[in-house]
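Hi,

Here is the structure I said I would pass on. Have a look at it first, and then read on for what turned up.

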Amino acid sequence: MVEAPQDVTKIGTLIQPAAQLTSQRRQTRLRHIVLHVLLSMGAFFMILPFLWMLSTSLKAPGDVFIFPPEWIPNPIMWSNYAKSWTLKPMGLAYLNSIKISTLTTAGTLFTSSLAAFAFAKLRFRGQHLLFMILLATLMIPVQVTLIPLFILFKWINWIDTHWPLIVPAILTNAYGVFLLRQFFISLPGELGDASEIDGCNPFQIYWFIYLPLSVPALVTLGIFAFLYHWNEFLLPLIYLNSLQKFTIPLMLATFQGAYTTEWELLMAAATIALIPVIVVYIFGQRYFVQGIALSGLKG
Amino acid sequence: MDKQFLSRRKFLQWSLLSAGTFAMAACAGVAGTPTAGQAQPAAQQTPAGQTDVGPATGDSYSFMTISGDAEAPIFNGLADTFNKTVGGSTWTFDRIAGSWEDFSRKYITEVAAESSHDVARIAIIQQPSYIRNKYISDLTPYLEKSGLVMDDYYKSAFDEWTVDGKLYGIPAGIYNMAIYYNKSLFDKVGIPHLSTDWEDKSWNLEAFRETARKLTSGEGGSKQYGFATNWDLRWVIHFVWAYGGDFVNAEHTQAILDKPEAVQGLQFAQDLIREDKSWLTPQQLSGGNTAEAFMTGRVGMYLDGMWQMPAMAKITDFEWGVAPVPAGTHRFTGNYVDAWVMPPKVKNPDKSWEFLKFMAGADAQNYLVSNSALGLPILRSVVEKRSADLFKPLPPEEQKVWINAANYAHSFPFTAKWDELYDALLPSWDLWGLGEIDAATMAQQIRAVVDPILAKA
């Protein structure tokens, strides 16, 4: 039996971890490839409806349900976009939706953060009970309050105005309060204590100390609120009568008639309607994941 | 952390931007159509072809329904015609966006809040539950006082809206079904064009099956099918009716789809699908639209309603025509009659009735014909005088297919719990369509789930 020279054994012990490392790297790379393939497949299926919408928006009326389906339309009907925009007051609907979504989002951020700050950082009698009651309101479906609210808004002559879509949304976002409260709780209380010693009142502590530190959570809530109000269909349907007051989802629904639907125009208009949503998400996405993670909430 | 700081400058920038948007939107939205109970401005052309009414006279009222872009100007025009010809009150039309289901949500909320529009058009499918829940008013007392000559109206249309001797709606038009067919394909295959006479018994189920078989050719994605219709009981039931069967009994208390005559009709449909393979089913359509399949030349014959006429009129690639549904031991076409109704507790029922009466009158019916509204007018005299103006671009003998269809109308038995009932029957219906169960088994399964629902309704 011949003993291996000592230096060769040393080399072996040095080589072995290197080989193990390469193997581990290969495994990791393989895992990443598999993961990316799976994620790409998931992303493909998620984006498929969007691609169908885009493809349909460029088709001629008779080609929408042609079999087998044509993903790249022939001819490409760019005119569908111009037609869908001019056929009805889409510009006005766009403006109405921007107005309602922007106001409700800004209002929601302000009122929700105020309430969340109070629940997270102030101490007052009945605090937990009030918070539980607030959370309980999340369980009431909108359909339950539809008729009482309709009667209320009729009394104050708000039917066929945008106010029923803006005011309640600003004042009653329990989800927003919950999300921001979770975030405020994660911020150190000492910041508030120090500010109080320096002479700040509670509103100043909220405004100058905690709010600036809450941008990720505020952006998260802002995106949620904007998307929700941009896509809201039921309440505008109930409260609005005049075509000139219609929001984007309502105007899109007018492409559907009693017996027929103009699919290619509907899809062109829906594609145009998506633009603000994509813009808001692109600008806010940097904070979005951070906000979700820090507030401990997932969609 | 500095990047996350919301500076006062940024806050002010965003505030100004929001305020600017608000101001722009507020300025843009001021030209709104007046709502119920509000005074009217002078006549003006609004976007989407809406025509506002002329100078205000008396109180303001409004009516609503869902409508497409083609229908909305017609309804505005009807309001305009009323304001000019009847006067005494000013009517406007509110267009409701979305489906009938969406419309129903809005209608019911308004009724519950006692803040309804003064008149609304509803679909026949909604009628049983609306009557049961008292969402629509009984019009019989108004009709009795009105002096309307009922002999001039299609009885089948008013029968649809007369329940337990009470009239609940003024029919908005008569909608029946017939066979659309591809004349160019018939010529190519060497089949004579179809009869336009509803009395012609040679156009029967056997002839229909043979024609569908001859029109079927090819395989796979490019296969040409002889026949297609919507995979829905409301369409397929025509074969059940042709054999003398029906879906539920006259009292709407029991499903009778398992009766031998009904099963025969279902078996006929199944034979077209399974044996002849001449029926384009949803399975082969892969989620596509049946009407589009006909319009793109993939199907030789297509059973559907006259509401498809505007879509068919766009066909340029081949010649097409309309023929009666084939005869069996019976010959019926579905009668789908939407109606103008008066919601309960409207602010002035007499004014609402005045508008409803106008809708049933010659002025409104002629207006609808002149503006290519869908459906057959409910006044026989208008149909007789204006038959040449109806159902364009069909040739005169095929216009008569639609006109005479009203004489073969058969109600579809909608019930108060139709949605629940339809959801319950779908699993068996689809299994039958897929060939997993036969017609008799499907009919028995449907009866088992439908009867308890009918008992509750």
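In chain A, 43% of the 299 residues are buried. Bear in mind that this is a predicted model. The outside of chain A comes to about 16500 Å² of exposed area, with 70% of it supplied by carbon and sulfur atoms.

As for the fold, chain A has 13 helices and zero strands, so if you walk along from the N terminus you meet α-α-α-α-α-α-α-α-α-α-α-α-α. Take the contacts in chain A with a separation of 6 or more: 73% of them are between residues 24 or more positions apart.

Now for a helix pair in chain A. Helix α3 (residues 90-121) of chain A packs against helix α9 (residues 202-210) of chain A, with the axes 11 Å apart and an angle of about 110 degrees. Angles of 65 to 115 degrees count as roughly perpendicular, which is why α3(A) is described as roughly perpendicular to α9(A). On the α3(A) side, the contact is made by Phe110(A), Ser113(A), Leu114(A), Phe117(A) and Lys121(A). Facing them from α9(A) are Pro202(A), Phe203(A), Ile205(A), Tyr206(A), Trp207(A) and Tyr210(A). Sorted by kind, the residues of this contact are nine nonpolar, one polar and one charged.

Chain B has a pair worth a look too. Helix α9 (residues 233-242) of chain B and helix α18 (residues 418-433) of chain B cross at roughly 65 degrees, and their axes come within 12 Å. That again makes the two, α9(B) and α18(B), roughly perpendicular. Here Leu233(B), Arg234(B) and Val236(B) of α9(B) meet Trp418(B), Tyr422(B), Leu425(B), Trp429(B) and Trp432(B) of α18(B). The residues of that contact are seven nonpolar, no polar and one charged.

Which residues touch the most other members of the largest nonpolar core? They are Phe247(B) and Met301(B), in a core of 190 residues. Helix α13 (residues 263-295) of chain A gives the most to this core, namely nine residues. Another core, of 19 residues, lies apart from it, and includes Leu180(A), Leu187(A), Tyr206(A) and Leu221(A). You have met Tyr206(A) already, as one of the α9(A) residues in the contact with α3(A).

As background, nonpolar side chains tend to be buried together in soluble globular proteins.

Cheers

Note on methods
Residues are numbered from 1 along each chain as its sequence is written. Chains are lettered from A and ligands numbered from 1 in the order in which they are written. This is a predicted model: local features need pLDDT of at least 70, side-chain atom pairs count only at pLDDT 80 or more; totals for chains, interfaces and linings use all residues. Side-chain values use heavy atoms; hydrogens and water are left out. Axes are lines fitted to C-alpha atoms, for helices over the stretch in contact, and angles run from 0 to 180 degrees between N-to-C directions. Helices (H or I, at least four residues) and strands (E, at least two) are DSSP runs, numbered from the N terminus. Angles under 35 degrees count as roughly parallel, over 145 as roughly antiparallel, 65 to 115 as roughly perpendicular and the rest as oblique. Contact means heavy atoms within 4.5 Å. Ala, Val, Leu, Ile, Met, Phe, Trp, Tyr, Cys and Pro count as nonpolar, Asp, Glu, Lys and Arg as charged, and the others, Gly among them, as polar. A nonpolar core is a set of buried Ala, Val, Leu, Ile, Met, Phe, Trp, Tyr and Cys residues joined through side-chain atoms within 4.5 Å. Buried means under 20% relative accessible area, exposed over 50%, partly exposed in between (1.4 Å probe, protein chains only). Accessible areas come from the Shrake-Rupley method with a 1.4 Å probe; for residues, only the protein chains shown count as cover.
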